[in-house]
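Student: Could we walk through this model together?
Tutor: Gladly; here it is.

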Amino acid sequence: MQIRVDTVKSTPCCVKETTHAAAWDMSSSYLDFTGSIILECAVSKADDVVTINADVGYTEKITCARCLREIDRPGKKTYTLYVNSPDPAAVIDVNALVREELLLEYPLKTLCSQACKGICNGCGRNLNTEACVCAKP
Ligand SMILES: [Zn+2]
Ligand SMILES: [Zn+2]
């Protein structure tokens with residue numbers, strides 16, 4: 001979503017855009033986004049500051065760092081972004097700002113759940129779904 005500063009009014013205006021996740025370039029080794037990303041923004045301007053209340057809905061495809069399981073997890077986030085923009089002809093790239101916020105929230109390792117039991121070092125079973133078959137001492 002691109003917003004030209006001189007089209008923004010002092011009263012909030014709503015803009016909605018749905019784009020495919022692939023266009024957002026959000027992939028990394030542990031995280032990928034799949035399906036559509038729905039961005040809904042209320043945009044207003046006071047003096048030279050553009051305020052963007054952004055609601056973003058998405059589906060993230062994560063690979064659990066512990067059990068290596070891949071899961072799709074829907075999510076929704078709300079961000080308030082302030083852009084100081086004295087140049088009325090400037091164009092704000094909202095996707096880039098939201099993308100930055102989203103990626104900042106991810107730790108370097110993502111887990112399918114905090115309670116994930118992981119994979120047994122001995123037998124290689126996924127302990128979330130299977131029992132360990134290692135010989136007990
Ligand atoms: Zn896991
Ligand atoms: Zn085992």
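Tutor: A residue is buried if 20 or more other C-beta atoms lie within 10 Å of its own, exposed if 12 or fewer, and partly exposed in between, with C-beta atoms placed from the backbone. This is a predicted model: local features need pLDDT of at least 70, side-chain atom pairs count only at pLDDT 80 or more, and totals for chains, interfaces and linings use all residues. Residues are numbered from 1 along each chain as its sequence is written.

Student: Where in the protein chain is confidence highest?
Tutor: pLDDT is the predictor's confidence in each residue, from 0 to 100, and the chain mean is 91. Helices (H or I, at least four residues) and strands (E, at least two) are DSSP runs, numbered from the N terminus. Confidence is lowest in helix H1 (residues 94-104), at a mean of 90, and highest, at 96, in strand S6 (residues 91-93).

Student: Which residues of H1 are buried?
Tutor: Seen down the axis of H1, the exposed residues Ala 96, Glu 100, Leu 103 and Leu 104 sit on the face turned away from its buried side. The buried ones are Val 94, Val 98 and Leu 102.

Student: Which strands stand at the edges of the open sheet?
Tutor: Two strands pair if DSSP finds at least two bridges between them. Four strands form this antiparallel sheet, in the order S2-S3-S4-S5. One side of each edge strand is left without a neighbour in the sheet, because each has a single partner: these are S2 (13-20) and S5.

Student: How many bridges join S3 and S4?
Tutor: Ile 38 has Gly 57 in S4 as its bridge partner. S3 and S4 pair in the antiparallel sense, and the number of bridges is 13.

Definitions and conventions: Chains are lettered from A and ligands numbered from 1 in the order in which they are written.
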